[in-house]
Amino acid sequence: MKKSTSKWLIVLFAAMTLFSCKEALKDHDEVIEDEISSTYSPITNEDLESAVIYEANIRQYSEKGTFNEFTKDIPELKKLGVKVIWLMPIFPISEKNRKAKGDLMVDDIKDPKERAKYLGSYYAVADYEKINPDLGTEADLNRLIETAHENGMYVILDWVANHTGWDNLWIEKYPDFYTKDEKGNIIHPKGTDWTDTADLNYDNKKLWDAMSSSMIYWVDTFNVDGFRCDVAHEVPTEFWNYAVKSIRDVKPVFMLAESEKKDLFIDAFDMGYNWEGHHIMNELAQGKTNVNTWDEYMIRVEENYQPDDILMNFITNHDENSWNGSVTERMGEASDAMLALQYVIPGMPLIYSGQEYGMTERLKFFEKDQIPHEKGKVWNMMEKLGTLKANNPALHGGKDAASYKRINTSEDSKIYAIERQKDDHKVIYVANFSSESVEFKAPTIVGKMTDAVRGSESNIPENYTFTFPPYGYRVWEVRK
């Protein structure tokens, strides 16, 4: 009996010890979770001042095209100064009327293997509250968002409010949500070739509630930090004001409009696309215009936007890359000067998936493709520019942006020189936006400078004559 009692005492002691260890581990895990959650807070205006935004094309980012493969690289993107990750649409893609290429529809392709190649447009949404299973699971998305938050980054979803795919559940359930022709047939958005989508009709106020509710679902369920809204100007501003107020009642969110429509920024949106500036950059790089055009544009920006409006500056994105060409196709020798420009002018610079690796290809839009992953000159340049953006208040570009001042030179139609300043911090950018070498003087550019990209030190004397090669540029931090 003594042996049996001792045996049971040993078993009981072991069980109690194991339970105690499990409870201790549980407590430890809870402490870690508390520490992680305490490091995360919703995006602030201060975050926006020095932020770089990254457009993540999950399908094309890796061979597998999944959330998990992208999540692995989030700490690497942090090295580029990325603070906002914009996920291209993550929803299931409609199969009905799915496009292949041009005017060719998948249903017109007879060969099953050929048909299977075409995965459809991310912007033909089949369900606003589901995840495309090709990208991963809800747990995978949660892991991505949590990893971003742990790294001091924020995640926004690409939201397609203007239209849905043709087999979206709303078509059967709420046909009155859609625009119809005189015969009562639902139509695709007028004036477009987006035949794989069905146009939504915002005259129906019940649509406002359904769309807002779907957006809130992602904030509530996955703790997303905001939205990039596709063709936002094609949706009534009144809807956006209504929806964003409802969302911000749940959590402060960051809103990016694919638009330059000014009234969108009064209440609903924090940032819009710098489309006009982007097109002028292309023209400068191609020798189709000169610096005077850019100067006139910057004056219009100052006159037409509110002081706290933010513009997203870019030299590529998913539309530009797939339809108009890679950075090197469109900008050639001027690529580096334009990349630096998007960081130094007021606003927030965008990196599109693959751009950081110097991608020279156009990514396929309706098919599986893959970006390169070999770091080189562009990565190194972005790392230095991202560090400068993050650490030097002179490049603040949010709602309390640093000042912007044009510097006069002796060749102002070819040489673009600016000064950004905040408090005692100053950055000077100078570029030759022409295809020939230019000698020029810039009387106010004098003194000690550090080249933020090349790392070299200079002490520029008064009345110095600069010589810049075609599309040569400098980004100088002014030293005291």
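In this predicted model, aspartate 451 forms a salt bridge with arginine 454, and the closest N and O atoms of the pair lie 3.4 Å apart. The two partners differ in their exposure class: aspartate 451 is buried, with a relative accessible area of 1%, whereas arginine 454 is partly exposed, at 40%. Elsewhere, salt bridges with shared partners connect Asp158, Arg228, Asp230 and Glu258 into one network. The total count of salt bridges comes to 28.

Two further pairs were examined. Glutamate 76 forms a salt bridge with lysine 79, with 2.8 Å between the closest N and O atoms. Glutamate 76 has a relative accessible area of 22% and is therefore partly exposed, since the buried class ends under 20%. Lysine 79 is also partly exposed, with a relative accessibility of 40%. In the other pair, aspartate 176 forms a salt bridge with lysine 180, and the closest N and O atoms are 3.5 Å apart. Aspartate 176 counts as exposed because its relative accessible area of 53% falls in the class over 50%. Its partner, lysine 180, is partly exposed at 35% relative accessibility.

The strand arrangement was considered next. Six strands make up an open sheet, in the order S13-S14-S15-S20-S17-S18, and their pairing is antiparallel. Strand S13 (403–406) and strand S18 (457–460) are the edge strands, each of them pairing on one side only. On average, neighbouring strands of this sheet are turned by 30° against each other, direction ignored. Helix H16, spanning residues 335–344, packs on the sheet. H16 touches S14, strand S15 (425–432) and strand S20 (473–478), and its direction makes about 35° with that of S20.

At the S13 edge, the pairing can be described by residue. S13 and strand S14 (residues 415–422) run antiparallel and are joined by four bridges. Arginine 406 has isoleucine 418, in S14, as its bridge partner.

A domain assignment is available from a database record. An unreviewed UniProt entry carries the annotation "domain: Glycosyl hydrolase family 13 catalytic" for residues 55–389. Over residues 55–389, the chain is 39% helix and 13% strand. The C-alpha atoms at the two ends of this stretch are 18 Å apart.

Definitions and conventions
Residues numbered from 1 in each chain as written. Predicted model: local features only at pLDDT ≥ 70, side-chain atom pairs only at ≥ 80, totals over all residues. Heavy atoms only, no water. Pairing = 2+ DSSP bridges. Axes fitted to C-alpha atoms, helices over the stretch in contact; angles between N-to-C directions. Contact = heavy atoms within 4.5 Å. UniProt positions renumbered as here; feature names shortened; annotations may be inferred. Salt bridge = Lys/Arg side-chain N within 4 Å of Asp/Glu carboxyl O. Buried < 20%, exposed > 50% of the residue type's maximum accessible area, 1.4 Å probe, protein only.
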